[in-house]
Amino acid sequence: MVTKTKGMGELFKEVINKDLCTLCGACIGDCPYTVFYRGKIRMLDLCTREEGHCYGYCPRTRTDLDAINNKLFGVPFTGAEIGTVKDVFMARSRDAKVRSGAQYGGTVTSLLLLALESDLINAAITTNTDEDKLPEASVARSAAGVMAGAGSNYMAYPVLEALNRMPKDSKEKLGIVVTPCQAIALAKMRLDPPTQRASLDNIRLSVGLFCTWALAYDRFYEFLKNNVDLPKVRKFDIPPPPANRFDVYIGKEVKSFPLDEVRKYRMPTCAYCLDMTAEFTDISVGSVEGIEGWNTVIVRTQHGADIIAEAKKKGKLEIKDLPAQSLAHLKEASLIKKARAVQEIVKKTGDKNDLMYIDISHDLKEKLLGHKVGAQGGH
Amino acid sequence: MQYIDIDAPGSNQLFIGNEAMARGALEAGIGWASAYPGTPSSEILGSLAEVAKKRGIYVEWSVNEKVAIEAGAAASYAGIRSLVAMKMNGLNVVIDFLSTIVLSGIGKKGLVLMVGDDPAAHSSSNETDSRPVSKWLDIPLVEPGDFQEAKDMIPYLYDISEEFGTICILRSVTRVAHARGNIRLGEIPKVVHKARFEQYFDPAAPMPTPIMCVPSSFRHMFQHMRLDKIREKFETSTYNKYVGPEKPDLLIVTSGSGWLYSQDAVNALKAENRIGILKLGTLWPLPEKLVKSCLSKADKVLFIEETDPFLEGVIMEFAAGFSPESKRNLFYGNHTRHLNSFGELTPDAVIKAITGVLDIPYAPRDADYMKKVEAVPQQYVMDRLLTFCPGCPHRASFWAIKNALAMDGRHGFVTGDIGCYSMALGPAGFFQTRTHQCMGAGAGLANGFGQLHRFGFDQPVVSVVGDSTFYHSIIPGLVNGVHNHSDFTLVILDNGATAMTGFQPHPGTELTAMGEPAAQISMENICRAIGARVEVCDPFDLKSTTRTMLSMIEQKEGARVAIMRRTCELVRQKKEEKPYKMKIDPEKCLGEDCGCNRLCTRVFRCPGLIWDPVAGKTKIDEVICNECGVCADICPEGAITREAVA
């Protein structure tokens with residue numbers, strides 16, 4: 001078992017009211033007591049159950065990483081920098097149209113389009129940007145829908161709500177695009193599947209996005225509103241390191257902000273996150289350090305391997321080896337995120353034996369506590 | 001149905017106290033009655049309204065008590081006997097006018113104010129005793145001790161009012177106003193009312209004009225002279241009486257409900273030979289000679305009163321001025337803690353007070369008796385929540401308000417007001433109301449909270465009022481809020497009725513008290529004219545009402561108004577069939593499982609929904625469900641469905 005679960009009162013006390021919520025959405029959508037509104041999970045009424053999925057699935061309540069890793073990959077959690085890996089390479093979509101609307105190489109969009117086309121999935125759950133440039137969950141059942149969802153605005157959004165809202169008797173095969181924290185919640189769901197919701201077996205493909213931190217929806221939106229003409233914004237982009245910028249594409253122009261300025265709007269909870277490369281998914285996708293227009297792709301499961309094989313066969317993706325140096329940098333950055341998270345947690349709890357939600361081996365903990373992390377950076 | 005104007009002089013009829021007072025008013029030949037509803041006084045005007053047309057009198061539910069009494073005074077000035085009724089809260093509203101009419105005087109015909117007090121505040125936000133106002137403002141006041149007096153005192157009071165040219169007050173309490181007893185009827189005179197406002201500038205005229213309070217000190221002195229004369233009159237009033245031995249061990253001084261309770265207590269103690277009772281009906285001005293002569297009968301004096309120690313105060317004050325040779329009494333009552341000055345009076349309380357003063361053995365029933373008594377009905381009557389009716393629009397309104405405030409997340413809150421929706425202090429309204437005082441107070445408080453942003457206050461403020469309350473006392477608050485840019489949301493729960501007091505009409509409804517077409521005053525037009533943003537929503541549309549509330553709460557500044565409009569369920573069901581047939585699919589009902597945990601029966605708590613602990617499912621209580629359909633929108637699983645009834 002993951003943990004001894006508690007109820008909604010404790011979820012708010014231990015996580016949400018302490019600003020530790022990641023906005024994964026695992027606690028909303030199928031519960032009448034919680035709701036997402038303007039960047040926050042709100043309690044409408046107190047549920048008095050002593051145990052609730054809301055607490056059990058939360059990525060910030062005690063999480064047995066070994067159990068999760070065993071469940072998903074059949075091996076324990078070792079703390080390897082970029083998680084359990086079947087294959088790693090760089091890729092980009094062969095479709096220029098996909099690439100232009102997407103982040104980096106458009107690999108995620110291409111994979112979702114392929115999955116839909118080949119009937120691996122019937123619907124893709126992703127985070128879109130709505131007319132006001134705010135994130136919103138989208139359940140895309142067509143290529144056009146998937147294309148509309150391409151791109152990121154780097155704001156945290158509780159996309160798992162859309163999964164929780166799927167009708168209980170739904171047989172729709174799903175693809176889902178998640179951040180690392182959302183992937184953890186999803187994995188916790190798989191360990192203790194809900195009986196009152198649509199089957200998790202409906203999820204045929206989970207794609208993880210690399211993430212150093214996400215932006216707090218409410219505060220960052222205020223910043224954007226004050227600094228750019230939002231309705232005209234086409235795309236947001238954080239180019240691969242060492243660019244250190246946040247680019248906003250407005251019409252044909254690009255307005256750049258120093259990444260440090262944007263970083264102020266990080267979700268506080270991201271400081272305590274172990275996972276940069278979305279380790280608990282079928283495939284993880286991110287940027288490639290120093291190379292624009294390409295994605296790093298980490299294949300983790302057979303599902304992931306299958307769809308990549310299909311993509312190769314159908315010529316959807318252009319695939320290259322990831323330069324050794326890029327891989328090394330990715331691993332170091334990922335390890336630093338892990339180490340920094342553990343060190344930040346100990347700073348917060350003041351107790352080396354209290355790692356908040358993280359349940360890892362003693363040796364791994366000591367290793368991470370001892371790792372030099374340097375100045376805060378990332379993305 | 002029996003009307004209060006039944007033409008059977010000399011016969012005995014079973015009337016509640018309020019009906020008895022209304023009958024008394026008819027026997028006094030009134031031509032005017034105006035009131036604002038309020039428990040326990042509402043039936044006075046209500047029963048007069050039923051016979052108004054037939055009896056050629058004018059009856060009006062006024063917008064508030066102040067207008068009611070001022071309008072009633074006008075009738076007196078034009079030569080029409082006039083009655084005004086209200087509860088004690090209303091008395092507070094009219095104090096300003098009372099303080100001037102005692103100086104200006106009334107017209108040629110009498111003006112009587114009937115005030116219903118609510119000791120223990122069964123249906124009130126306070127239990128103020130009205131009697132001290134008589135001493136404070138120099139107004140003659142009587143208090144009936146039984147139902148017959150409740151009727152008979154009215155013609156008597158009109159005579160006093162006219163003879164001395166002053167307004168008079170009759171104070172009653174819930175147990176007199178609402179209990180039912182035998183009344184021997186008198187005759188209803190045939191009066192042809194002819195109204196005219198005579199404008200004599202001669203100070204010696206019966207009613208010199210202008211009607212005014214200046215010179216105030218002179219008129220104040222004049223009112224005191226009137227009271228002295230009235231005191232003389234009261235000395236011989238048959239509403240004051242002494243019963244008991246010539247030299248009792250104890251003299252009880254009482255009035256109102258205390259009269260019957262005291263007799264019961266003396267009977268129960270079998271102490272008729274030891275205790276005398278002075279029952280006063282005319283309380284102010286105090287009939288001093290009568291009081292003094294009774295005080296001389298006994299050493300010990302016990303005051304039995306509901307609620308305040310009013311007689312206790314004025315009589316002890318009076319006795320303090322006795323000459324040194326006079327008999328000195330030992331006084332007992334509230335000041336010696338033999339009786340409470342709060343809550344209702346009971347025969348038990350009187351017995352306890354008496355046995356505390358006199359050494360009379362009294363064996364009350366054993367301590368278990370009360371428990372046994374309480375246990376009996378529990379076998380047959382189930383626990384019921386103090387809540388809104390099934391199908392009440394308020395429940396839906398507060399659901400939307402609650403959710404909007406929770407979603408907003410800035411710890412917003414509701415300032416409450418007086419009406420059925422006062423129950424939102426508790427589970428009926430999901431504990432949303434944070435303040436509850438008098439009519440209009442919620443809007444006034446919201447005005448204040450809405451200005452505190454300059455001191456760091458950042459919580460949304462929602463003032464929730466009823467439709468009748470809106471007309472009664474909210475409009476000035478809204479004017480003030482808009483004018484001064486106060487930041488709050490006014491929610492008007494417009495159910496088209498003064499529901500709590502018995503569906504009396506108000507300025508927004510179709511008919512007058514006499515059943516004639518009324519000019520309906522549009523509350524949204526008023527609010528818009530004041531300059532507030534106004535949204536009207538149907539509380540049964542939970543989604544859109546919640547959205548409206550959110551947009552109201554999030555508005556940056558200024559007073560704004562959400563009108564949640566839906567007819568009171570009790571009014572609707574008299575006119576229409578049930579709109580839906582509600583069903584619950586037990587397969588879909590999650591019960592206590594994660595994802596629901598009895599949202600409908602644990603949080604929403606409409607009495608039409610019942611929890612079946614054996615099946616672990618919710619059921620519809622078909623007897624009391626009014627099939628409003630709202631719970632179908634609450635159920636997270638879609639287990640509750642509504643089917644439109646063709």
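Begin by selecting Ile125(A) in this predicted model, and then display the residues that Ile125(A) touches beyond its neighbours up to four places away in sequence, namely Ala137(A), Val139(A), Val159(A), Ala162(A), Leu163(A), Leu174(A) and Ile176(A). With that cluster on the screen, widen the view to the largest nonpolar core, which holds 194 residues and in which Ile125(A), Ala185(A) and Ile492(B) touch the most other members. To see where the largest share of this core comes from, select helix α14 of chain B, residues 393–408, which supplies 9 residues. Colouring chain B by domain is useful here, for this core draws at least three residues from each of domain 3 (393–574) and domain 4 (577–644) of that chain. A second core, separate from this one and made of 111 residues, can be found by selecting Ala20(B), Tyr36(B), Ala75(B) and Leu295(B), which are among its members.

**The strands of chain A**

Next, hide chain B and select strand β13 of chain A, residues 291–299, together with strand β4 of chain A, residues 87–93; the two run antiparallel and are joined by 5 bridges. Within this pairing, place a label on Ala91(A), which stands opposite Asn295(A) of β13(A). Now add strand β12 of chain A, residues 283–288, which also runs antiparallel to β13(A) and is joined to it by 6 bridges. Here the residue to label is Ile283(A), whose bridge partner in β13(A) is Val299(A). Following the chain from β12(A) into β13(A) takes you around a hairpin with 2 residues between the strands, and in the turn Gly290(A) has a positive phi of about 80°.

**Helix α12 of chain A**

Move on to helix α12 of chain A, residues 324–349, and pick out Val346(A), which lies in it. Is Val346(A) buried or partly exposed? Val346(A) is partly exposed, because 18 other C-beta atoms lie within 10 Å, whereas a buried residue would need 20 or more. Leaving aside neighbours within four places in sequence, the residues in contact with Val346(A) are Lys352(A) and Leu369(A). A distance drawn between the C-alpha atoms of Val346(A) and Met356(A), which are 10 residues apart along the chain, should read 8.5 Å.

**Where the two chains meet**

Bring chain B back and select the contact between the chains, in which 16 residues of chain A meet 13 residues of chain B. On the chain A side, the elements that give two or more residues are β1 (34–37) and β2 (40–43), and β2(A) gives the most, with 3 residues. If you colour this side of chain A by residue class, you will find 7 nonpolar, 4 polar and 5 charged residues.

**The domains of chain B**

Finally, isolate chain B, for which the domain assignment gives domain 1 (12–235), domain 2 (241–357), domain 3 (393–574) and domain 4 (577–644). Select domain 1 and domain 2 of chain B, whose centres, taken over C-alpha atoms, are separated by 27 Å, and then show their contact, which takes 25 residues from domain 1 and 24 residues from domain 2. On the domain 1 side, the elements that give two or more residues are α5 (132–137), β6 (141–142), α6 (147–164), α7 (174–177) and α8 (216–235) of chain B. Of these, α8(B) is the one to highlight, since that helix gives the most, with 5 residues. The residues on this side of domain 1 of chain B divide into 13 nonpolar, 2 polar and 10 charged.

Technical notes: Residues numbered from 1 in each chain as written. Chains lettered and ligands numbered in written order. Predicted model: local features only at pLDDT ≥ 70, side-chain atom pairs only at ≥ 80, totals over all residues. Contact = placed C-beta atoms within 7 Å. Helix = DSSP H or I, 4+ residues; strand = E, 2+ residues; numbered from the N terminus. Nonpolar A, V, L, I, M, F, W, Y, C, P; charged D, E, K, R; others polar. Core = buried A, V, L, I, M, F, W, Y, C linked by C-beta atoms within 7 Å. Buried ≥ 20, exposed ≤ 12 C-beta atoms within 10 Å, placed from the backbone. Domains from an automatic or database assignment. Pairing = 2+ DSSP bridges.
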